[in-house]
Amino acid sequence: MTLKTRARSKFSRAFGNNFQDTLIIRLLYSRDIVALPSITKLVVSNIPDGVVLIKEIDDIVKVFQIANDEKIPVIPRLGGTSGFGGCLPYKKGVVIDLKGLKQEFLIDPGDLSVTVSSPYVFSDLQRSLNMQGFSLCSYPSSLYSGTIGGWFAQDGSGIGALKYGGSLDQVKEIEVVLPTGEIKNFSDEDKLSLFAGSQGTLGIITKLKLSVKFNTPLSYKACTYDSAKDLVVGLKSLNNLDIFSIWVMNPKQVALLNSTSDYALPERYLVIVSKEVNYKEEESEFYANFNQTIRENKGQILDDRYIKDIWKHRFRTFSLLKNTKTFLFGEAIIPIDKSDQYIKKIETFFNNQIQIEGTMISPEKLSLLYFVKEKDEISDIKTAMLFMKFYKIMKKVVKYKGHPYTTGLWFSGYYKHIYGNEQLLSYKAYKKSIDPKKICNPGKVISPRLKIFPLMKLKTALKLASEVIG
Amino acid sequence: MNSAHLLKVDILEIAQKCVYCGYCSVCPTFKELNWESNHPRGILEQVKMYFNEKYTKDVSKSLFDAIFSCTMCKACENICIVDLPLLQVWEQIRQEAFRRGRWSSDLLSIYDKVKATHNIFGLPHNDRLDWAELCGINLSRRIKRKAPVAFFIGCQASYSGKMAGIAESMVKILRKARVNFTVLGDEEWCCGAPIFLGGGYTVGTSLAKHNYEELKKLGVKKIVSTCAGCYRSFKIVYPKILGDDWDIEVVHASELIDELVDKKKIKLLNTIDEKITYKDPCELVRHCGLSEAPRSIIKKFPNVRYEELPSNREEALCCGGGGLLKINNPKLVSEVNTKLVSEIEYTEADIVVSCCPLCVDTIQQGVKEKKLGIKVLDLVELVKMSMEVKK
């Protein structure tokens, strides 16, 4: 119990058993996909004071009432599947777990949209849509655990984004509980773009209306390239084929996939392409165009037998971490023109011992996920050093006109690089107007000041540390 | 013979290998309870804390509460992208809870009943075949008779009046097909399924040994079961605890019936007019990988109208009745079951069939609560309906 008695009794009275602050519960809510080395506790108070399991929207209103009165940070949490620290407390506070929020699902076939509550997991939503002949337009590779609300709060992207765009392109309207306790609906572009990627710092998104499409079958092809440079040429040439998704692996990742499965893929830069096809002739035309494009652009077409059922692996990247006790990953978005240079940079930086996977999220941008794994548990110090190494290489993405996938906690301060200065100013002004007490997910988006040395911001400290240690 | 301790895995080692991807959020009870402490990845986090002296005392209650809110449906292990043997971990935590005296009194009562009377109902051995009398079946020439095939009736079908139709149907099918079979009668002991799921391998092993010896005495080569729990015990657990001595072929009723139909030993004559859907029992499909035999039979009914549940085969939803949850938290069973019943409703089926008495019982409750006019039957009951000449 770390909350002051008055605040604690307010939460207990308001939520009964849906408020818990035992040590174990607090520890369980102190991490996301990345387990933090204990050394980070010097800069981040990631163990919350308590957790409220939200059952209905009014619960969020009540939480904000108490939090505003008592000046307690409120940290929203959904799937907890990101590694950017967006759902971690920075200076303690109360985590609100939205997974208990009543599930809503309302499809509008005329408008090709669906309205769902934010904790809806993608795989459940996809199944519900498929049952009615529809499908999500784009979705993250964490389909079985990622939530709609969490995806939008991170301005997520993913499979299908090449054709249909990322979360901001999909979401048409949101319902939000503002830190003031007001429940508001937003559908205008300006507000939607402020909330996308806001990491729950502007309020708690409770419901989203997003575009859906008819459930069209996909057809797959694959090819390989000898170098990262050829890969970029190849990726650009595929843009004219109205592709649904392009999925890329570096040779190291292909080798790992081969070693953990029955595949015998050539250990080069691998590209797996999927396209929506409505009928046989369309598929034949796609195959012909694909083959011609690849041949003309330094690629080698891969026989279909090599990639049998490989599409099933698109949600199973982490299956390659089998028998691994420690892993760290980074995810960055990079303009396609610069991606070969950045890929080479990462590979050289990690002595070619790094796994890289990529997804084209627009004709101009590639999202890169890269990770290292260790068979055994490594010490806190070593983990911290590795973390700094990742931070250092991620920081360099800016030089290539790219940016981290999202801000979260660890890349707070990079908002300007992702959205530009003008939007940063709009964000700050809006944040000030709706959250004057700065209780809504502090430490995210805008880099916070260090608790042990308040003159320095977290971003500066991490930059310095990554230069020294990384 | 191998001893039960060979089933043990290093649960801390496994917990450390969790990559925290969260895919195991498919867990049916987590979907209802929503707390991270009930998330399979959260349970593994608690395992790590349990082995850290700093937290052992604090975490034990939360860990044991969470583990007994599990239906052991294996959905978590099925989806785990790093292939962790989660079911074994859950069983071992339950065992640890037993050692620490943290089983609930209801659970202990079941344990004591099975230990003392060798059935989950605590009823006398002599009552095991009362169902036959109730159904007007004379089994006297089958009891403890030497035969190559044994029909293992199971506690549910033997003692629970509402499940008697399952045993009756299976006996009629076996007779019709002229299968030379025997039943163990009052020497049939609980297969041990509830005990194994509770982590009680010591008592479970004694049950397994008894059943094995009785079957061997009768020269049994093949054992057939209508119960998914019994089938799992014979198929998966017995070979592990009895080792190479366990040389009896194990078939589920659906596998045997499918074979008998193919060999024309029984004929499915009558049309089932109602639309049918099939619920895969977790213990058959995810534990044992059996999903096609029941479907094959259903598709052989003349002019059958059949529709799959939206979640089927390995992705089948759990009814909530497994893993001793009915004893530990009946309310949660009902909550979990609601999702399954909604899927059944979606198919607009008139009959939902399963191959597990526990599923049948749980779905029946759910259908009743929702006041739906859907019949819930075991597959063998449906086969009997189609097989019998209408008078």
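User: Buried means under 20% relative accessible area, exposed over 50%, and partly exposed in between (1.4 Å probe, protein chains only). Where does that put Lys457(A), buried or exposed or partly exposed?

Analyst: Lys457(A) is partly exposed, at a relative accessible area of 33%. Areas come from the Shrake-Rupley method with a 1.4 Å probe, and for residues only the protein chains shown count as cover.

User: What kind of model is this, and how are things numbered?

Analyst: This is a predicted model: local features need pLDDT of at least 70, side-chain atom pairs count only at pLDDT 80 or more, and totals for chains, interfaces and linings use all residues. Residues are numbered from 1 along each chain as its sequence is written, chains are lettered from A and ligands numbered from 1 in the order in which they are written, and side-chain values use heavy atoms, with hydrogens and water left out.

User: Back to Lys457(A). Where in chain A is that lysine?

Analyst: Lys457(A) sits in the loop between α15 (421-434) and α16 (458-468) of chain A. Helices (H or I, at least four residues) and strands (E, at least two) are DSSP runs, numbered from the N terminus.

User: Which residues form the positive surface patch?

Analyst: Lys416(A), Lys428(A), Arg449(A) and Lys457(A). Patch residues have over 30% relative accessible area and no salt bridge; like charges are joined within 9 Å, and nonpolar side chains (Val, Leu, Ile, Met, Phe, Trp, Tyr) within 5 Å. Lys and Arg count as positive, Asp and Glu as negative; His and chain ends are not counted. Charges are placed at NZ of Lys, CZ of Arg, CG of Asp or CD of Glu.

User: Switching to salt bridges. How many over all chains?

Analyst: The structure holds 60 over all chains. Each is a side-chain nitrogen of Lys or Arg within 4 Å of a carboxyl oxygen of Asp or Glu. Glu276(A) and Lys163(A) make one of them, at 3.0 Å from N to O.

User: What does that pair link?

Analyst: Distant parts of the chain: Glu276(A) is in strand β13 (residues 269-276) of chain A and Lys163(A) in helix α6 (residues 161-164) of chain A, 113 residues apart. Glu276(A) is buried at 7%. Lys163(A) is partly exposed at 31%.

User: And chain B? What does Glu45(B) bond to?

Analyst: Glu45(B) makes a salt bridge with Lys48(B), with the closest N and O atoms 3.0 Å apart. The two are three residues apart in helix α3 (residues 40-50) of chain B, which means a separation of about one helical turn. Glu45(B) is buried at 13%, while Lys48(B) is partly exposed at 25%.

User: What about Glu308(B)?

Analyst: Glu308(B) bridges to Arg295(B), with closest N and O atoms 2.6 Å apart. Glu308(B) lies in the loop between β6 (305-306) and α17 (325-328) of chain B and Arg295(B) in helix α16 (residues 292-298) of chain B, so the pair ties together parts 13 residues apart in sequence. Glu308(B) is partly exposed at 21%. Arg295(B) is buried at 1%.

User: Which residues are joined into one network by shared partners?

Analyst: Arg77(A), Asp97(A), Lys99(A), Glu36(B) and Arg41(B).

User: Now rings. How many aromatic pairs over all chains?

Analyst: There are 47 over all chains. In Phe327(A) and Phe329(A) the ring centres are 6.4 Å apart and the planes at 10°, so that pair is stacked. Rings of Phe, Tyr and Trp (its six-membered ring) pair if their centres lie within 6.5 Å; planes under 30 degrees apart count as stacked, over 60 as edge-to-face and the rest as tilted. Phe327(A) is buried at 12%, and Phe329(A) is buried at 14%.

User: How are Phe387(A) and Trp410(A) arranged?

Analyst: Phe387(A) and Trp410(A) have ring centres 5.1 Å apart and planes at 75°, so they are edge-to-face. Phe387(A) is in helix α13 (residues 380-396) of chain A and Trp410(A) in the loop between β18 (403-404) and α14 (415-419) of chain A, so the pair ties together parts 23 residues apart in sequence. Phe387(A) is buried at 13%, and Trp410(A) is buried at 3%.

User: Which chain B residues form one aromatic cluster?

Analyst: Phe152(B), Phe196(B), Tyr201(B), Tyr212(B), Phe234(B), Tyr238(B) and Trp246(B).

User: Last topic, backbone. What is the phi of Lys144(B)?

Analyst: Positive, about 50°, although Lys144(B) is not a glycine. Most residues other than glycine have a negative phi. Lys144(B) lies in the loop between α8 (130-135) and β1 (149-152) of chain B, partly exposed at 37%.

User: And Lys264(B)?

Analyst: Lys264(B) has a positive phi near 60°. Lys264(B) is in the loop between α14 (253-262) and β5 (275-278) of chain B, exposed at 63%.
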